[in-house]
Amino acid sequence: MGPCPCPAEADREAPNVKTYPASRDATGLRVAVVVSRFNPLISARLLEGSEREFLRRGCRAEDIHVAWVPGAFEIPLAARELADSERYDAIVTLGSVIRGGTPHFEYVCQGVTEGVAAVMRDTRVPVAFGVLTLDDIDQALDRTGGAHGHKGEEAALAAIEMARLREQLGKAPE
Ligand code: INI
């Protein structure tokens, strides 16, 4: 797979600075995707995007494991169990929380955001955050293959890049 779009060494002001190599090659990675069933059309689009990106980058279909949960609030528990299992190089979390005019929206957003961050912090397994927080369904459609790109694909790409970077960070760059 091609390199990341980082500045070329020759273009940098300090060309002798050593940089951990970035990679978007998913060959040999084993990944898990946690996806919320709430707003199912958006969930399906997010999941398709993540799966497509993993496959495009060389991941084997049988090495992509998907766990469905009822809503975004339940995502952190599933992500933590998967991270604790030590079976995965990275985890992707997917879902959508759509503002409904009640404080519930804020609580669900806060719960999933803080919960997912805690899983990554506590376990050190890369966990990509592909949970959309939106005003309405049109914003969700725009971000799942519409005018504003595809957050499912982006989350998979972030997971791959962090899994590869984590492999490198334990040793000095060459
Ligand atoms: N869950 C979502 O994933 N998205 C939402 O928009 C949403 N709203 O609007 O309420 C939502 N609520 C359910 C929540 O995540 C839990 O599943 C529920 O509270 C049970 O714990």
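**Ligand and pocket chat**

Biologist: Which ligand atom is 3.1 Å from a polar backbone atom of Ile-98?
Modeller: An oxygen atom of the ligand. That pair is a polar contact (N or O atoms within 3.5 Å). This is a predicted model: local features need pLDDT of at least 70, side-chain atom pairs count only at pLDDT 80 or more, and totals for chains, interfaces and linings use all residues. Numbering runs from 1 along each chain as its sequence is written, and side-chain values use heavy atoms, with hydrogens and water left out.

Biologist: What about Ala-72, how far is its polar backbone atom from a ligand oxygen?
Modeller: 2.8 Å, from a polar backbone atom of Ala-72 to an oxygen atom of the ligand.

Biologist: And Glu-74, which part of it lies 2.5 Å from a ligand oxygen?
Modeller: A polar side-chain atom of Glu-74.

Biologist: How much of the ligand does the protein bury?
Modeller: 73% of the 460 Å² that the ligand exposes when taken alone. Those areas are Shrake-Rupley, with a 1.4 Å probe.

Biologist: Which residues surround the ligand?
Modeller: From the first part of the chain, Ser-36, Phe-38 and Asn-39. Then come Gly-71, Ala-72, Phe-73 and Glu-74. Ser-96, Val-97, Ile-98, His-104 and Val-108 complete the shell. The cut-off is a heavy atom within 4 Å.

Biologist: Which element gives the largest share of that shell?
Modeller: S3, with three residues. Both S3 and H3 supply at least two residues each. Strands (E, at least two residues) and helices (H or I, at least four) are DSSP runs.

Biologist: Switching to the pocket. What space does the ligand take?
Modeller: The largest pocket. The test is more than half of the ligand's atoms within 2 Å of the pocket's grid points. A pocket is an open set of points on a 1 Å grid where a 1.4 Å probe fits, with protein on both sides within 12 Å along at least five of seven lines.

Biologist: What volume does it have?
Modeller: About 240 Å³ for the largest pocket, as the space filled by probe spheres set on the points.

Biologist: How many residues line it, and which lie nearest the centre?
Modeller: The lining has 14 residues (an atom within 4 Å of a point). Nearest the centre of the largest pocket are Phe-38, Val-97, Ile-98, His-104 and Val-108. Strand S3 (90-98) and helix H3 (104-123) each supply at least two lining residues.

Biologist: Backbone now. What is phi of Asn-39?
Modeller: Near 55°, a positive value in a residue other than glycine. Asn-39 is in the loop between strand S1 (31-36) and helix H1 (40-56), and also belongs to the ligand shell.

Biologist: And where is Arg-124?
Modeller: In the loop between H3 and strand S4 (127-134). Phi of Arg-124 is positive too, near 65°.

Definitions and conventions. Polar contact = N/O pair within 3.5 Å; in protein donor to acceptor, adjacent residues only side chain to side chain.
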